[in-house]
Amino acid sequence: MMVGVRLGVGRGLLGMVVSEMYASTEGIGAQIGLYGNAFRTAELIALIAVVSLLGFIFVDLMRRVETWVSKGRVEVQW
């Protein structure tokens, strides 16, 4: 179950940014769309780095929670 949560966090962040690019006028996704259309590459790369860093932090945090939760898990041998 925790693996699904960990994978869902990364996909949820990506979905949020993409939906903001298409349907919002505010937020990181909207800013990425605005800077991409205006060829403002320095700001675009900075925002993409921020989103990537957030994704890395959230997935790593979920990985740590996953290992903490699964301490008592018993491995099944097939």
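The paragraphs below lead through the helices of this predicted model, and then through several of its individual residues.

Two packed helices are described by the angle between their axes and the distance between the axes. We can begin with helix H1, which covers residues 2-23, and helix H2, which covers residues 28-37. Their axes come within 6 Å and cross at roughly 55°, and H1 and H2 are therefore oblique to each other. The crossing in which H1 passes H2 is right-handed. On the side of H1, the contact is made by Val17, Glu20 and Met21, while H2 contributes Ile28, Gly29, Ala30 and Ile32. When the residues of this contact of H1 with H2 are sorted by class, five are nonpolar, one is polar and one is charged.

The next pair to consider is H1 with helix H3, the helix that runs over residues 41-69. The axes of H1 and H3 come within 9 Å and cross at roughly 165°. An angle over 145 degrees counts as roughly antiparallel, and H1 and H3 are therefore roughly antiparallel to each other. As with the pair just described, the handedness can be stated: H1 passes H3 in a right-handed crossing. From H1, the contact draws on Met2, Val3, Val5, Arg6, Val9, Gly10, Leu13 and Val17, and from H3 it draws on Val51, Leu54, Gly55, Phe58, Val59, Met62, Arg63, Val65, Glu66 and Val69. The residues of the contact of H1 with H3 divide into 13 nonpolar, two polar and three charged.

One residue of this contact can be followed further. Glutamate 66 is found in helix H3, and with a relative accessible area of 16% it is buried, because buried means under 20% relative accessible area. What does glutamate 66 touch, once its neighbours within four places in sequence are left aside? The residues in contact with glutamate 66 are then Met2, Val3 and Arg6. With arginine 6, the side chain of glutamate 66 also forms a polar contact of 2.8 Å.

The remaining pair is H2 with H3, whose axes come within 9 Å and cross at roughly 155°. H2 and H3 are therefore roughly antiparallel to each other, and the crossing in which H2 passes H3 is left-handed. Here the contact is made by Ile28, Gln31, Ile32, Tyr35 and Gly36 of H2, together with Glu43, Leu44, Leu47, Ile48, Val50 and Val51 of H3. By class, the contact of H2 with H3 has eight nonpolar, two polar and one charged residues.

It is also useful to look at H2 by itself and to ask which of its residues are buried. They are Gly29, Ala30, Ile32, Gly33 and Tyr35, and these buried residues of H2 pack against H1 and H3.

Just after H2 comes phenylalanine 39, whose place is in the loop between H2 and H3. Most residues other than glycine have a negative phi. Phenylalanine 39, although it is not a glycine, has a positive phi of about 55°. This residue is also exposed, with a relative accessible area of 73%.

Other exposed residues can be found in the loop between H1 and H2 and in the helices themselves. Glutamate 26 lies in the loop between H1 and H2, and its relative accessible area of 61% makes it exposed, because exposed means over 50%. Between the C-alpha atoms of glutamate 26 and threonine 41, which are 15 residues apart along the chain, the separation is 19 Å. Leucine 14, which is found in helix H1, counts as exposed at 56% relative accessibility. Its C-alpha atom and that of glutamate 43, 29 residues apart along the chain, are separated by 19 Å. Alanine 42, in helix H3, is exposed as well, with a relative accessible area of 58%. From the C-alpha atom of alanine 42 to that of glycine 4, 38 residues apart along the chain, the separation is 35 Å.

Terms used: Residues numbered from 1 in each chain as written. Predicted model: local features only at pLDDT ≥ 70, side-chain atom pairs only at ≥ 80, totals over all residues. Heavy atoms only, no water. Axes fitted to C-alpha atoms, helices over the stretch in contact; angles between N-to-C directions. Helix = DSSP H or I, 4+ residues; strand = E, 2+ residues; numbered from the N terminus. Parallel < 35°, antiparallel > 145°, perpendicular 65-115°, else oblique. Left-handed = near helix turned anticlockwise from the far one by under 90°. Contact = heavy atoms within 4.5 Å. Nonpolar A, V, L, I, M, F, W, Y, C, P; charged D, E, K, R; others polar. Buried < 20%, exposed > 50% of the residue type's maximum accessible area, 1.4 Å probe, protein only. Polar contact = N/O pair within 3.5 Å; in protein donor to acceptor, adjacent residues only side chain to side chain.
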